[in-house]
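Hi,

Here's the structure I promised to pass on. Have a look at it first, and then read my notes below.

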Amino acid sequence: MSTLAVVLDLIRERTTVSRVELAEATGLTQATMTHAVRKLIALGFVHEVGTARSTRGTPRRLLELQPDARHMVGLQFDRYTALGVVVDLAGRVVAQTAMPGAGARDPGDVLADYAERIEALLQDSGVPRDGVLGIGLATHGPQDREAGVLLTEYPAPAWRGYPLAAELAAATGLPVRIENDATAAGLGVQAQDSASSSFAVVFMSGGIGSGVILDGFPYRGVTSNGVELGHISVDALGATCGCGNRGCLEIIAGPNAVVRKAEEVPGLPERLGLGDGLLEDFMRIGRAALAGDSDAAELIATAAQTLAVATVSLVNMFDVGRVVLAGRAFADLGPLYRDAIQEVLDRSVFMRQVHSVQVELADGVSQAPAIGGAAMVLRNFLESSGLKDRDPAPQ
């Protein structure tokens, strides 16, 4: 993370803060901090709002974020669902719109549709277009973030290698970067939480993914396609997954697996009215479970337990103290999954004797990936702004 991003995040967290306090909190030199603050003021992101007493006699000038100085667009989509948001510098959602998932449509048609909806969202929100830094596109992987393309034939062969970022940028006139949806969910949680925190995200929408934020930085691995919780094997002798592994969590306990198993229960598909698409069917099963349907409840409980077992491995690998659940599939079932995972972590995590691990739902559980896409745009802008993590050269 760039110096500008670190400083801006701290100003956002603390609301009103002095340069001295920022330097103490970050460990940066006064020269570097002064240079960073000047840059942020010049960008219009931060302004001075008065002074505070100092024990050394010289009043400290206080800084505050200007949330509406710039905005970013975040768009999360998969085959089944999509959401667009406009976010300010404070991480607040100022406008949002639900969109149809990609479905079986051609990539070009999908992006043309999204471009029109983003344009309408900006117009309806009243956000000036020249104040929008860009679009963060959060979607499934594997993907090449730098090239802005997917490296998978899901949901159809035409998506593999399709220039997502370039085409959406051409259609909207705004810079576009892509991000793994689970990592984006982590960035979205971070944007509304502590910028320096460490935690894991379990993301579930059409499939299962995960992301990890360590000391404020997203863990990326070699190609930003790591931490694939959905493709951790939970049954070494299980069925072969499309990824090549056997017994993957996703094909045993993901939404698709739950729906498939529900279709095999005599009378359950008719009773619940299944057949409206994977994610809607999964959520219908979940609502039935919450309403007391024993067949639905057993399916969901088994899936939640299996997800919990896989989450133990995630926590053991990264030694985090928090696990945050995010994604559309948790919209109704979040508390049930949270409690199931918490129970298993409490008894099974290796470091439980040292520290507890708290499981919680993201604020705006369905919004987190889209918010994270927007947050990623801001990070990229600050990283490219020219200020590096060092003192400015002498004049």
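What follows is a run through the two sheets, the helices packed on them, and the empty spaces. One thing to keep in mind throughout: this is a predicted model.

**The sheets**

Let's start with the open sheet of five strands that runs in the order β6-β5-β4-β7-β10. Its pairing is mixed. At the edges you'll find β6 (93-100) and β10 (176-180); each has a single partner strand, so one side of each has no neighbour in the sheet. On average, neighbouring strands here are turned by 20° against each other, if you ignore direction. If you want a spot to zoom in on, try β7 (residues 132-139) and β10, which pair in the parallel sense over five bridges. I135 stands opposite V176 of β10 there.

Which helix packs on this sheet? That would be α13, which touches β4 (71-77), β5, β6, β7 and β10. The direction of α13 makes about 135° with that of β4. Remember α13, as it turns up again with the cavities.

There's another open sheet of five strands, with the order β13-β12-β11-β14-β15 and again mixed pairing. Here the edge strands are β13 (217-218) and β15 (358-361), each pairing on one side only. Strands β11 (residues 199-204) and β14 (residues 322-326) run parallel and are joined by four bridges. F203 has A326 in β14 as its bridge partner. Helix α11 (residues 294-318) packs on this sheet, where it touches β11, β12 and β14. Its direction makes about 25° with that of β12.

**The largest pocket**

Now for the open space. The largest pocket has a volume of about 700 Å³. It has 29 lining residues, and those nearest its centre are G141, Y154, G207, H231 and E250. By type, the lining splits into 12 nonpolar, 12 polar and five charged residues.

Where does that lining come from? Four elements each supply at least two residues: α6 (181-191), β12 (208-214), α7 (249-253) and α8 (255-263). α8 gives the most, with four residues. Note that β12 is also one of the strands in the sheet that α11 packs on.

**The cavities**

How many cavities of 30 Å³ or more does the structure hold? Two.

The largest cavity has a volume of about 200 Å³. Of its 18 lining residues, D9, R12, A191, A375 and L378 lie nearest the centre. The elements that give two or more residues to this lining are α1 (3-14), β5 (81-88), α6 and α13 (368-383). Here's α13 again: it provides the largest share, five residues. The lining comes out as 12 nonpolar, two polar and four charged residues.

The second largest cavity holds about 40 Å³ of space. Its lining is made up of T183, S210, G211, V212, Y219, R220, S224, N225, G226 and V227. Three of the lining residues come from β12, which is the largest share. By type, there are three nonpolar, six polar and one charged.

If you only have time for a few views, I'd pick α8 at the largest pocket, α13 at the largest cavity and β12 at the second largest cavity.

Cheers

Terms used. Residues are numbered from 1 along each chain as its sequence is written. This is a predicted model: local features need pLDDT of at least 70, side-chain atom pairs count only at pLDDT 80 or more; totals for chains, interfaces and linings use all residues. Side-chain values use heavy atoms; hydrogens and water are left out. On a 1 Å grid over the protein atoms alone, a cavity is a set of points where a 1.4 Å probe fits but cannot get out, and a pocket is an open set with protein on both sides within 12 Å along at least five of seven lines; lining residues have an atom within 4 Å of a point. Grid points are joined across faces, edges and corners, and a volume is the space filled by probe spheres set on the points. Ala, Val, Leu, Ile, Met, Phe, Trp, Tyr, Cys and Pro count as nonpolar, Asp, Glu, Lys and Arg as charged, and the others, Gly among them, as polar. Two strands pair if DSSP finds at least two bridges between them. Contact means heavy atoms within 4.5 Å. Axes are lines fitted to C-alpha atoms, for helices over the stretch in contact, and angles run from 0 to 180 degrees between N-to-C directions.
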